[in-house]
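The following note sets out points for a colleague who is looking over the model below. The points are numbered so that each can be checked against the coordinates.

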Amino acid sequence: MLASQETITLSVFPDLPSADARRSLASWLRSEDRLREKVTTPSDDTSAEGADVLLVAVDSGGAVMVLVQAIAGWLTHRREDVTVKLTRPEGWSGELDVPRARDMDEVTALIEAAVRAVASEQG
């Protein structure tokens, strides 16, 4: 379990610059009960190296698992290529992208790896 609430930064790298991937992902995440009130868009319209940014406040490893599963679900419904990078304040990061998300075995492995990484950081 996370000791206290922390914010995970989601950097969304759409393959097509005109795509509004961040708004779509934010809407998708807000449809999850455990994430609904946790997803915010920085007021300064943050963009880093071609990425649109979302912030998600999580307070447990379970919430992180819901987040990773929700991102994977969103990716499987995308037509264009998108990569989502998750970054924790302590420096841990992981990426999910469309080619891997289409293979459900890969999605499961990515989710398990992300949850293990978060759990080991809590140690």
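**Notes on the predicted model**

1. The side chains of R88 and E6 make a polar contact at 2.7 Å. The model in which this pair is seen is a predicted one. R88 is located in the loop that lies between β5 and β6. With a relative accessibility of 3%, under the 20% cut-off, R88 counts as buried. E6 is part of strand β1, which spans residues 6-14.

2. As for the overall layout, the protein has four helices and six strands. Read from the N terminus, the order of elements is β-α-β-β-β-α-β-β-α-α. The protein has 123 residues, of which 42% count as buried. Its exposed area is about 6700 Å², and 47% of that area is supplied by carbon and sulfur atoms. Where residues at least 6 apart in sequence are in contact, 64% of those contacts join residues at least 24 apart.

3. The loop that holds R88 belongs to a hairpin formed by β5 and β6, with five residues between the two strands. In the turn, G91 has a positive phi of about 110 degrees. Strand β5 covers residues 82-87 and strand β6 residues 93-97; the two run antiparallel and are joined by five bridges. One bridge partner can be named: T83 is matched with D97 in β6.

4. Which residues does V84 contact, leaving aside its neighbours within four places in sequence? They are L10, S11, L25, I71, W74, L75, G94, E95 and L96. Among these, L10 and S11 are in strand β1 (residues 6-14), whereas G94, E95 and L96 fall within β6 (residues 93-97).

5. S11, one of the contacts of V84, is found in β1. Is S11 buried or exposed? Its relative accessibility is 11%, so S11 counts as buried. Residues up to four places away in sequence aside, S11 touches A51, D52, V53, T83, V84 and K85. A51, D52 and V53 lie in β4 (51-58), and T83, V84 and K85 in β5 (residues 82-87).

6. Helix α1 comprises residues 21-30, and its buried residues are A21, R22, L25, A26 and L29. Viewed down the helix axis, these residues fall within an arc of 130 degrees, so they line one face of α1. The cover over the buried residues of α1 includes β1, β2 (39-40), β4 (51-58), α2 (61-76) and β5.

7. The largest nonpolar core has 27 residues; those touching the most other members are L10, L25, L29, L67, I71, V84 and L86. At least two residues of this core come from each of β1, α1, β4, α2 and β5. Helix α2 gives the largest share, nine residues. As a general matter, nonpolar side chains in soluble globular proteins tend to be buried together. Two of the residues named for α1, L25 and L29, are among its buried residues and also appear in the list of core members with the most contacts to other members.

8. A last point concerns V58, which lies in strand β4. V58 counts as buried because its relative accessibility is 1%. Its C-alpha atom is separated by 7.1 Å from that of K38, and the two residues are 20 residues apart along the chain.

Methods:
Residues numbered from 1 in each chain as written. Predicted model: local features only at pLDDT ≥ 70, side-chain atom pairs only at ≥ 80, totals over all residues. Heavy atoms only, no water. Buried < 20%, exposed > 50% of the residue type's maximum accessible area, 1.4 Å probe, protein only. Contact = heavy atoms within 4.5 Å. Pairing = 2+ DSSP bridges. Arc of directions from axis to C-beta. Areas by Shrake-Rupley, 256 points an atom, 1.4 Å probe, with all protein chains shown as cover. Polar contact = N/O pair within 3.5 Å; in protein donor to acceptor, adjacent residues only side chain to side chain. Core = buried A, V, L, I, M, F, W, Y, C linked by side-chain atoms within 4.5 Å.
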